[in-house]
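Dear colleague,

I am passing on the structure below, and would be glad if you could look at it alongside the notes that follow.

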Amino acid sequence: MKTAYLATVTGTLEIKGDENGLASVYFLDSEIPSSEEIPSELQAAVTQLTEYFEGNRTIFNLPLAPEGTEFQNKVWNQLQTIPFGKTTSYQQMANQLGDPKVIRAAASANGKNPISIIIPCHRVIGSDGSLTGYAGGLHRKKWLLAHESPVTQGSLF
């Protein structure tokens, strides 16, 4: 498993993967400079994440290899259908998975998503529109959603 670090405006990302695809993208609590040498297996991920943070990418095209249960993978696949700039609720997700009663299990799988941003778990919010938990921290979830929002607040002056 290869590792690279990417310093972003919201903190450092630790990116792991191999020839089978991307295994994880996690926000770190400590600031680490971007890797000077990027393993070839991770170059596309680093490039696409950089483009995302620069505002030049809305869709990722990367081979993914997250490890999880069959249900977790089903949830993570469902997350990838949430368009850039849009959100969904945990209840809507459970409904789309075919069973409104799996809301807690879907929320748990969402929280265990190992590939932040690319599998956009930050796009899931509470039914009342509230920002609910995010493994990377609510301040990052808020930033990511604002970054993806089609509505921008212009300057008054």
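Ile 117 sits in the loop that runs between helix 4 and strand 5, and please bear in mind from here on that the model is predicted. Although Ile 117 is not a glycine, its phi is positive, at about 70°. Its relative accessibility is 1%, so Ile 117 counts as buried.

That loop also carries the annotated position: Cys 121 is placed between helix 4, residues 103–111, and strand 5, residues 124–125, and the UniProt record, an unreviewed entry, lists Cys 121 under "active site". Is Cys 121 buried or exposed? With a relative accessibility of 6%, Cys 121 falls under the 20% limit and therefore counts as buried. When residues up to four places away in sequence are not counted, Cys 121 touches Leu 79, Asn 110, Asn 113 and Tyr 134.

Two further residues seem worth describing in the same way.

Val 25 belongs to strand 3, which covers residues 21–27, and because its relative accessibility is 0%, it counts as buried. Leaving aside neighbours within four places in sequence, the contacts of Val 25 include Leu 13, Glu 14, Ile 15 and Leu 49, and among them are also Pro 114, Ile 115, Ser 116 and Ile 118. By way of contrast in position, Val 25 and Asp 99 are separated by 74 residues in sequence and by 29 Å in space, taken from C-alpha to C-alpha.

Gln 48 lies in helix 1, residues 43–53, and its relative accessible area of 9% means that Gln 48 is buried. Once neighbours within four places in sequence are left aside, Gln 48 is in contact with Arg 57, Ile 59, Phe 60, Asn 61 and Leu 62.

Both Val 25 and Gln 48 fall in a span, residues 1–66, for which UniProt gives the entry "domain: Methylguanine DNA methyltransferase ribonuclease-like", again from an unreviewed entry. The C-alpha atoms at the two ends of residues 1–66 lie 12 Å apart, and the span is 17% helix and 33% strand.

Turning to the protein as a whole, how many helices and strands are there? The protein has five helices and five strands, and these follow the pattern β-β-β-α-α-β-α-α-β-α when read along the sequence. For a compact globule of 157 residues one would expect a radius of gyration near 15 Å, and the 16 Å of the protein agrees with that. The C-alpha trace spans about 50 × 45 × 25 Å along its principal axes.

Of the 157 residues in the protein, 42% are buried. If one takes the contacts between residues at least 6 apart in sequence, 57% of them join residues at least 24 apart. The protein exposes about 8,800 Å², of which carbon and sulfur atoms supply 51%. As for charge, there are 12 positive and 15 negative side chains, and the centres of these two sets lie 11 Å apart.

When you open the model, I would suggest beginning with the loop that holds both Ile 117 and Cys 121.

With best regards

Methods. Residues are numbered from 1 along each chain as its sequence is written. This is a predicted model: local features need pLDDT of at least 70, side-chain atom pairs count only at pLDDT 80 or more; totals for chains, interfaces and linings use all residues. Side-chain values use heavy atoms; hydrogens and water are left out. UniProt positions are given in the numbering used here, feature names are shortened, and annotations may be inferred rather than shown by experiment. Helices (H or I, at least four residues) and strands (E, at least two) are DSSP runs, numbered from the N terminus. The radius of gyration is taken over C-alpha atoms; the globule rule is 2.2 Å times the number of residues to the power 0.38. Buried means under 20% relative accessible area, exposed over 50%, partly exposed in between (1.4 Å probe, protein chains only). Contact means heavy atoms within 4.5 Å. Accessible areas come from the Shrake-Rupley method with a 1.4 Å probe; for residues, only the protein chains shown count as cover. Lys and Arg count as positive and Asp and Glu as negative; His and the chain ends are not counted. The place of a charge is taken as NZ of Lys, CZ of Arg, CG of Asp or CD of Glu.
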